[in-house]
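Hi,

Here is the structure I promised to pass on. Have a look at it first, and my notes on what turned up follow below.

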There are 2 protein chains.
Amino acid sequence: MSSKSEETRIRILQAAWKLLEANRGDGVRMSDIAKQAEVSRQAVYLHFSNRSDLLTATTLYIDKIKDIDARLAPSRNAENGILRLELFIDAWGRYISEIYPVAKALLAMQDTDEDAAAAWSGRMQALRHGCEAAIKALQKDGHLSSLFSHKEAVDMLWTILSIRNWEHLTQDCEWSLKKYLSKTKLLAHQLFVKQK
Amino acid sequence: MSSKSEETRIRILQAAWKLLEANRGDGVRMSDIAKQAEVSRQAVYLHFSNRSDLLTATTLYIDKIKDIDARLAPSRNAENGILRLELFIDAWGRYISEIYPVAKALLAMQDTDEDAAAAWSGRMQALRHGCEAAIKALQKDGHLSSLFSHKEAVDMLWTILSIRNWEHLTQDCEWSLKKYLSKTKLLAHQLFVKQK
DNA sequence: GTAAAACTTTACACGGTGTCAAGTTGGGGT
DNA sequence: ACCCCAACTTGACACCGTGTAAAGTTTTAC
């Protein structure tokens, strides 16, 4: 039997996930999560050293459940740079829409909590590597537009694909995910693919 | 004499501004601001009902001191849509770089404090109107690209010009303000101006 | 000169995080 | 069958920053 302890840990992660989802990432306290997991508040601290640790673990748990690596595979295996860029945007955009409530809670802690900031920064670096790979693939095919230098293009794409922009477009501007994806692809194409 | 009370109010605003500037918008408490203004913490609450009120007032104070309206005039008087768009980006980008520390503090409160959220939302609507005017000017000249519908173009420009993007590019990517401005203009041109 | 406004001082309530210490429960190993 | 240990509970508490309350003092305006 895979230790009772591990079971509890998972229950807490699921509770955090469920509550953040239900409350759009707002106003979920440690005690709420404990209650949802049917565990004492202190038990939560036996498994996670603090709130930022719990939230970070929750994102990793979601990654695992949703098998994020598998979703990125099509992009990595794309036959050309242009397709790779599109598939990357697709995978990332869909991922954000699932991780968003947890990400929002984690983002909200950034300014006060440096653990949260560090954890987040790590994940954003991973995104940047994805952007870099996409831009490189474009360059390799000779399709990278000459509007931006390599680094500029990576920085730009990284910025465009930020969770804040996803949030702004889908929440504030009320764009559907489908619209977000198609318009973002269009934007990236227009900016980074050399026009004939 | 323009009432002592008004003087104190201004001193508090200046104190808030100075401290936020010095601390990049992080970790500035009401008591710090009071101390800096050489006033009791409670005096601050006599002039501003709460933290979000104070921060909002601080941005308005900066607007006034830096004469933001005057800075936007060149954009409004531009002789064509393309120029108008560029001048708008210029004025706004430079504005962000001055308001940023205060804006950051205000943004950090968004998730918890609804006063702050409302105040911020109002300011962002003003930005959106500016974006809309710029896109309309482009449309009027027949220079608006057909990639996006009118609303989509406005939403996109609005998103691109967000403070979060400015922050990401200038802080995380370490772009200079000059670079931010030139690349953002280039991006906007590429996206919204009809290519010949 | 006086009343009202501005400001100070001290104290406290509240909400949320994180810590501490002592008690309880239940499963595994010998 | 026993005991032990790890997992968990319970209840109390410190801390931090915001905002409030009330009573006292100084300053301003007229």
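To get your bearings, in which helix is the place of B:K151? That residue sits in helix α8 of chain B, which covers residues 150-160. B:K151 is exposed, because 12 other C-beta atoms lie within 10 Å. Along the sequence B:K151 and B:E132 are 19 residues apart, while in space their C-alpha atoms are 8.3 Å apart. Keep in mind throughout that this is a predicted model.

**The two chains**

Chain A superposes on chain B with a rotation of 180° and 0.0 Å of shift along the axis, at an RMSD of 0.0 Å. The two copies are therefore related as by a two-fold rotation axis.

At the contact between them, 19 residues of chain A meet 18 residues of chain B. On the chain A side, α8, α9 and α10 each supply at least two residues. The largest share comes from α10(A), with five residues. By class, that side of chain A divides into eight nonpolar, five polar and six charged residues. Of the interface residues of chain A, 95% are also interface residues in chain B, so the copies meet through the same surface.

**Helix α9 and the core**

Helix α9 of chain A runs over residues 163-172, and A:I163, A:N165, A:W166, A:H168 and A:L169 are buried in it. What do these buried residues of α9(A) pack against? Within chain A they pack against α6 (81-109), α8 (150-160) and α10 (177-192), and from the other chain against α8 of chain B.

As for the largest nonpolar core, it has 112 residues, and A:L157 and B:L157 are the ones that touch the most other members. Leaving out residues up to four places away in sequence, B:L157 touches B:C131, B:A134, B:I135, B:A188 and B:F192.

**Two domains in chain A**

Chain A is divided into domain 1 (3-63) and domain 2 (66-192). Their C-alpha centres lie 27 Å apart. The contact takes 16 residues from domain 1 of chain A and 15 residues from domain 2 of chain A. On the domain 1 side, α1 and α4 (51-66) of chain A each supply at least two residues, and α4(A) gives the most, with nine residues. That side of domain 1 has five nonpolar, six polar and five charged residues.

**The DNA strands**

Around DNA strand D there are 18 residues, of which A:T8, A:S40, A:A43, B:N50 and B:R51 come nearest. The elements giving two or more residues to this surface are α1 (4-22) and α3 (41-47) of chain A, along with α2 (30-37) and α3 (41-47) of chain B. By class, the surface near strand D has six nonpolar, eight polar and four charged residues.

And which residues are the closest to DNA strand C? They are A:N50, A:R51, B:T8, B:S40 and B:A43, out of 16 residues that surround the strand. Here the elements with two or more residues are α2 (30-36) and α3 of chain A and α1 (4-22) and α3 of chain B. Six nonpolar, seven polar and three charged residues make up the surface near strand C.

**Some backbone angles to look at**

Most residues other than glycine have a negative phi. B:D67 is not a glycine, yet its phi is positive, about 50°. B:D67 is in the loop between α4 (51-66) and α5 (68-76) of chain B. Is B:D67 buried or exposed? With 10 other C-beta atoms within 10 Å, B:D67 is exposed.

B:E174 is not a glycine either, and has a positive phi of about 60°. It lies in the loop between α9 (163-172) and α10 (177-192) of chain B. B:E174 counts as exposed, because it has 9 C-beta neighbours inside 10 Å. In chain A, α9(A) is followed by A:E174, whose phi is positive and near 60°.

Cheers

Definitions and conventions
Residues numbered from 1 in each chain as written. Chains lettered and ligands numbered in written order. Predicted model: local features only at pLDDT ≥ 70, side-chain atom pairs only at ≥ 80, totals over all residues. Near = placed C-beta within 6 Å. Helix = DSSP H or I, 4+ residues; strand = E, 2+ residues; numbered from the N terminus. Nonpolar A, V, L, I, M, F, W, Y, C, P; charged D, E, K, R; others polar. Least-squares fit on C-alpha atoms with pLDDT ≥ 70 in both. Contact = placed C-beta atoms within 7 Å. Domains from an automatic or database assignment. Buried ≥ 20, exposed ≤ 12 C-beta atoms within 10 Å, placed from the backbone. Core = buried A, V, L, I, M, F, W, Y, C linked by C-beta atoms within 7 Å.
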